[in-house]
Amino acid sequence: MKKILLTLLLACCFLGAKAQPAVMPGSIYASINGGGFAYKTAGGMTMGVPSFGVELGSWLMKPLAFQLAYEGAMAPSTYQKGTSNTSLFSFVSAEFKWDFNATFFHVYNKTFQYPVPVYPMIGLGLLMRPKVTVNGVSYHQDNEFQAMLGMQLPVRLSDHWSASLEYKCFFIPQGFDGSNGPNNMHMATLGFIWRQGDDPYRRKTAFEARTTSEDWFVGYGVGALFNSFEFEGLTIGNAKTRLWNITGDMMFGRNWSDVWTIRFELSGYFARHRYNVKTEEPGNWYPFNMLHADFMVNVPHLFSFSRGARLSVLPYLGAGPVWTYKKPVFTVGADAGVMFRYYIDNAGDLFFDAKYMMVPPRVAGGSGPSGSIFGVGYMAFTVGYIHNFGHSTVRYRMPVNHCTD
C-alpha cells in the first residue's frame, strides 16, 4: 500500500513536470544534511548523534515545493534505556515546503531570505525501528505512521548551491517502541542544497493565483462511512456486522493554480469496532475525527487549461491527526481519494468525494485477519457544496467571446 501511494503521488508530480502550466523548468533540487537528535518518550528525553538525511524535490510553483525525504537517527530504543546500545530509526516522508516570502512579498536573489528567513515544512510518512534484543529478550520490529513539522533556513552560496540549517519534529503515535506517552523525535542538522536552476524564484506558473486574497474556498458534505478490517464482514443489512455509519465533511482550502489545490478537512464522526468474538467491543460504535491536509492534483488541467470546462477531477493524498473520544487516543493517519468538483457559478461548486483513511489499529479497535496496519481504515463517500470566496480564476474561466445577459 505505501509503495502504491508514493508511486501515484510521484507519477502525478512527474506528469506535472512535463506540463508547462504545472511546473517550471529548472525547479528540481536535492539536499544532504547531518546533525543531532532528541528522542522524547514516556521515559524521558535522550539526546545524541548522529542524525542524517537526504531530500529530493521540485518547486511546483512559486510558493510551494514537494519533496521526498529520508531521515535516520542512531538512538536508543525504549527497551535499550540504561545500556550503550542504539537502533536505527528510519523516517521516510512525503513533504511540502512553503516559501512564505514568495506568497506575500516580492522576492530577490539575495544571500538570506527576507523578511522571513525560513521555509516552513509539513510532511507525513512511515517510521521504522528494527528488531531489538536486550538481555536475551527480543522485541519485534515496529512500523508506524508519523507526521512532521519543521523549517529550513537556506543561505545562498552560488548560482546552484546553498547551505542550510534544518529543524524537524517527528510526531510518533502512542504505543510505538513500547512507549504509551507523548512521543516525538527532534532533529537539528546542517547541510547543502543543490538547485537545478540558478534563479530560485523563476518558477511562477501560468494560471497561478494572482493575489493572496483570491481562490479560497470552504465546503460541507454528508454521506456514508464504512469501517474496513481488510474488508472483513463488510455488510449493510446485518445488524451485528453493520460496519457503516453516517459521516460528514467540513473543508477549507485554496486553489493555488489550475493544477494544484491544498485543503484541510475534518472527517469521521462515527465508526464501529471490528465485529469479532475475540475483540473487546464487537461491533460497538465510537466517535472519532480526523483532521487531514490533502494535496490535490487537477488531472484535466495537467497539460493545458481549457476555458469553459466545468468538471474538475482531483485525486489526492493527505495526512493528519486522528483522535477518539470514548477511550481517548491521539495518533496520526493517512488518506487518499478522488474528488469530482462541478462548477455552478463563480461562487459555488457541487462535489462528490470518495476517500480511504488509513489509521493505526489502536484507533479502529483492532486489526484485520492478517494483523497488517495497512488493512485498517475508513472508506467514506460524501456529496456536498463548495463556496468560493472572491475571485476564483484558476479553476474556471469563461470561454472566449462568451456573452452573458
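Q: How many helices and strands are there in the chain, and how do you know what counts as one?
A: The chain has 3 helices and 18 strands. Both are DSSP runs numbered from the N terminus: a helix is H or I over at least four residues, and a strand is E over at least two. This is a predicted model, in which local features need pLDDT of at least 70 and side-chain atom pairs count only at pLDDT 80 or more, while totals for chains, interfaces and linings use all residues. Residues are numbered from 1 along each chain as its sequence is written, and side-chain values use heavy atoms, with hydrogens and water left out.

Q: What is the average pLDDT of the chain, and where is confidence lowest and highest?
A: pLDDT is the predictor's confidence in each residue, on a scale from 0 to 100. The chain averages 83, and 82% of the residues score at least 70. Confidence is lowest in helix α1 (residues 2–18), with a mean of 43, and highest in strand β1 (residues 28–41), at 96. Over residues 1–22 pLDDT stays under 50. Where pLDDT is low, the predicted coordinates should not be read in detail.

Q: Why is the Phe 226 and Phe 381 pair called edge-to-face?
A: Rings of Phe, Tyr and Trp (its six-membered ring) pair if their centres lie within 6.5 Å; planes under 30 degrees apart are stacked, over 60 edge-to-face, and the rest tilted. By this rule there are 20 aromatic pairs. Phe 226 and Phe 381 lie 6.2 Å centre to centre with 70 degrees between their planes, so they pair and the pair is edge-to-face. This pair links distant parts of the chain, with Phe 226 in strand β11 (residues 216–229) and Phe 381 in strand β18 (residues 376–389), 155 residues apart.

Q: What makes Phe 226 buried or exposed, and what about Phe 381?
A: Buried means under 20% relative accessible area, exposed over 50%, and partly exposed in between (1.4 Å probe, protein chains only). Phe 226 is at 16%, so it counts as buried. Phe 381 has 35%, so it is partly exposed.

Q: Why is the pair of Tyr 286 and Phe 288 called tilted?
A: Their centres are 6.2 Å apart and their planes 50 degrees apart, an angle that is neither under 30 nor over 60, so the pair is tilted. Tyr 286 is buried at 4% relative accessible area, and Phe 288 is buried at 0%.

Q: How do you know that Arg 263 lies over the face of Tyr 316?
A: A charge sits over a ring if NZ of Lys or CZ of Arg is within 6 Å of the ring centre and within 35 degrees of the ring normal. Arg 263 is at 4.6 Å from the ring centre of Tyr 316. Arg 341 lies over the face of Phe 217 in this way, at 4.5 Å from the ring centre.

Q: What is the omega of the peptide bond that joins Val 49 and Pro 50?
A: Omega is about 0 degrees, and the bond is cis. Pro 50 belongs to strand β2 (residues 44–61). The bond from Tyr 114 to Pro 115 is cis too, with omega near 0 degrees; Pro 115 sits in the loop between α2 (100–104) and β5 (119–129).

Q: What is the phi of Asp 177, and is this residue buried or exposed?
A: Phi of Asp 177 is positive, about 60 degrees, although the residue is not a glycine. Asp 177 lies in the loop between β9 (161–172) and β10 (183–195) and, at 0% relative accessibility, counts as buried.

Terms used:
Contact = heavy atoms within 4.5 Å.
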